[in-house]
Amino acid sequence: MYDQNYQDQTKIQGPQHTPAVQDDDDAIDIRALGLVLLRRKWIIVNTTLFSVVLCLLLLFQLTPRYTASAMLALETRQNQVVDVQAVMSGMGTDVAAIKTEIDVMTSRRLVGKTVDTLGLVRDREFNNALVTERGFLSYLNPLNWIPESWKRAVVGEPPVISEELRLANERARVIDAVTARLSVSNPPRSYTISVSFESSDAAKAARIANGLAELYLTDQLEAKFEATERANEWLNERIFDLRENVRSSEVAAQRFREDNQLIQTAGAGLVSDQQLAQLNTRLIDARTDLARTQARFSQIRNISDPENTDFAGLTEVLDSPLIQRLREQQSEVLRRRAELATRYGPKHPRMINVEAELADIDGNIKLEIRKVVSGIQNEVDVARARVTALEASLDQLKNENVALNRAQVQLRELEREAEANRVLLETFLARFKETTNQQDIQQADARIISRADTPLLASFPKKKLILALVAFAAIGLGVGLAFLLEMLDNGYRTLDQIKTDLGIRGVGIIPMLASNKLQGISVEDYLLDKPSSSFAEAHRNVHASLLYSGPRQNTPQVVMATSSVPGEGKSTFSLCYARLMAKSGLKVLLIEADLRRPVVKARLKIEVEQADLVSVLEGSDPGGQQLYKDDDSSLHILCGRGHSDPQKLFSGEKFTGLMSWAREQYDLVILDTPPVMAVSDSVVLSHHVDAVLYVVQWETTPKKSVESGITQLRDAGAPLAGTVITQVNIKRHQSYGYGDQGYYYGTKSGYYSN
């Protein structure tokens, strides 16, 4: 039988469940990829058109925005007008310093100053609270479709806030909106900062960019002014404290000086030191004078003679003016006495007077000499007493000076503290004068090198660029969708796909007839009217593939057609195949074994009462006169009708006898059976046939359904001869470029008369 031979053939070829192994799994079939794009071209085109049109609608709804840019240069050199150290040093030029300045420019404080200065709170562009009408794009937000009453019911009534808080919140939102439009950047390896602002008004964008740059410079000057002012205030307070400290330290030093009598003279040190020096000098002089007087007194004592008390040779005697006058008088008297002695004798009165006068003078001289000697002795006593007194005074003054020196140590400490406070006060006074003068010569650490001009072209949206990107992305999306749909495609288009996935060969594909070709006639009538059409040739190819695929002596005589699910063209294929074979001269019997949904009688419009399969199996004689004969094709048909238990009929001996009778009477017997996945009638019928043709609808029947149906038949031992793909869209099939029979059915029209 054909079943046994077919099974032997499959054993030689290998397991039916094993897909065909490709020669190179990693090879990329460029042509196959191109064919995927070709057959899915409308997915790509429609996706691209939809995306581009939607993009155009959105672009024309968007409000154009303009970007204005100002540029600042950070000063790396500072002009030093005077050689005075600044309170706030110049800005650094490292990356961190530049980044800090960028953060300052984008800070809410500086942006808030810009908002307040330019009055942006009253601008509808930045303050949404001033906008009452809604734009087209707002309707795309589903939240805007919800009524306000519903929102209040869900989230509750908004809290009541004060007017001051409302204005503060409104200002904060404006600052956020302005910050979102602001862009501050620093080009690499440059000390410049670019300030860009985007607005729907070109002039407004330039005004805000320039305003922010100017406020930044003003803010730098204000920061320096504030720093200088704070320094001046601190210095002023510090100077006041230092003055008090200086006064207190000087008063403490002076009080200590007065309490300890540390009196100083101008440039001569303490009075006690001066007194000690003077007293020491006087003591030295007194001791010198004592030594001198003692020497003189010793000389007098050495030359003194008890028998001679004349000290006329003493210096003091010689230097005495009185003695000198007495000596002169003595000389004069002696001269007179000499003169009188020449004339008078010693007894002369005049000589006596002269002698008396001379004696008187000598007495006076001796008296004066004794006074001088007595005075020298007194001088020695006085000098000795003076030395003693001076020594006592010196000792007392030394003791006092030791105590004063101890006090002077503490005094010097107080004076050093007072001096340090005085020097610190002078330093702070000088710095205060410097910082006071700096307020008029402050410079910013940056300057504007390029002011923002009013832009002429909108920076957003860049329609051409966006359209190009959207078109490119849409094409990519379309290609992705094409391949995704191709991967998600759950149907079979070629016999090779079925063979690869399920290991069962294909015997033919049946094209789908368009309504313009049928022209109101049925498919089975078109087959007879156009015997040389591609549709008829497809059925002949199925018969040829089925007839000559195995050994010649074991060609199938009884063929069963089934499918996975209803609607795959199984009954149409069976009827067309049977009529075409009957028309070719074979004696053919078509048995409609689908007792669940019989359609042959309605399709052929059989009105006369003829034998049906149920009546035959229930006891009637299956004679030829009881079968319906198709006059157009000489096909004998045993129609079916509804029955409650078809499997009971097919499992009985009468059905076996019917099949034996059919094999004896006909060249070819075709059974139209119900779908495998719907009922199990086909499994029972498969044991009465030589070959099973499994019908699969092109691109529609799910692969899992086909796999399940074939697996079920295989498990039952059915003689699977191959698969037939029906209802093939030839035009689309050609675009896939498979190169099988379907390709030639559409291109080689010269061979067919469609």
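Where is the place of Asp645? Select this residue in the predicted model and you will find Asp645 in the loop between β11 and α21, the helix of residues 646-650. With a relative accessibility of 35%, Asp645 counts as partly exposed, because that value lies neither under 20% nor over 50%. Add Leu595 to the selection: 50 residues separate it from Asp645 along the chain, yet the C-alpha atoms of the two are 8.9 Å apart.

Now show the whole chain as a cartoon. Its secondary structure comes to 26 helices and 14 strands, and buried residues make up 39% of its 754 residues. If you display contacts between residues at least 6 apart in sequence, 82% of them join residues that are at least 24 apart. Switching to a surface, you see about 42400 Å² exposed by the chain, with carbon and sulfur atoms supplying 54% of that area.

Next, select the open sheet, in which 8 strands with mixed pairing follow the order β7-β14-β13-β8-β12-β9-β11-β10. At the edges stand β7 (506-511) and β10 (628-630), each of which has a single partner strand, so one side of each is left without a neighbour in the sheet. Looking across the sheet, you will find neighbouring strands turned against each other by 25° on average, direction ignored. At the β10 edge, zoom in on the pairing with β11 (residues 635-638), which is antiparallel and runs over 3 bridges; here Asp630 stands opposite Leu635 of β11.

Keep the sheet in view and add helix α18 (residues 570-583), which packs on it and touches β7, β8 (558-563), β9 (588-592), β10, β11, β12 (668-672), β13 (691-697) and β14 (720-728), while its direction makes about 165° with that of β12. Then add helix α24 (residues 703-715), which also packs on the sheet, touching β8, β13 and β14, with a direction at about 170° to that of β13.

For the interior, turn to side chains and select the largest nonpolar core, which has 46 residues, and in which Leu589, Leu613, Phe650, Val669 and Leu671 touch the most other members. Helix α22 (residues 653-665) gives the most to this core, contributing 5 residues. Centre the view on Leu613: leaving aside residues up to four places away in sequence, Leu613 touches Ile591, Glu592, Ala593, Leu595, Leu638, Cys639, Gly640, Phe650 and Leu658. Apart from this core lies another, of 37 residues, and Ala538, Ala578, Leu693 and Ala721 are among them.

Move next to helices α5 (residues 108-118) and α7 (residues 163-181), whose axes come within 9 Å and cross at roughly 105°. The two helices are therefore roughly perpendicular to each other. To see where they meet, show Arg108, Val111, Gly112, Lys113, Val115 and Asp116 in α5 together with Arg171, Ala172, Val174, Ile175, Asp176, Val178 and Thr179 in α7.

The last stop is Arg40, in the loop between α2 (30-39) and α3 (41-61). Is Arg40 buried or exposed? Its relative accessibility is 14%, so Arg40 counts as buried, the cut-off for that class being under 20%. Display its surroundings and, not counting residues up to four places away in sequence, you will find Arg40 touching Ala482, Leu485, Glu486, Asp489 and Arg493.

Notes. Residues numbered from 1 in each chain as written. Predicted model: local features only at pLDDT ≥ 70, side-chain atom pairs only at ≥ 80, totals over all residues. Heavy atoms only, no water. Helix = DSSP H or I, 4+ residues; strand = E, 2+ residues; numbered from the N terminus. Buried < 20%, exposed > 50% of the residue type's maximum accessible area, 1.4 Å probe, protein only. Contact = heavy atoms within 4.5 Å. Areas by Shrake-Rupley, 256 points an atom, 1.4 Å probe, with all protein chains shown as cover. Pairing = 2+ DSSP bridges. Axes fitted to C-alpha atoms, helices over the stretch in contact; angles between N-to-C directions. Core = buried A, V, L, I, M, F, W, Y, C linked by side-chain atoms within 4.5 Å. Parallel < 35°, antiparallel > 145°, perpendicular 65-115°, else oblique.
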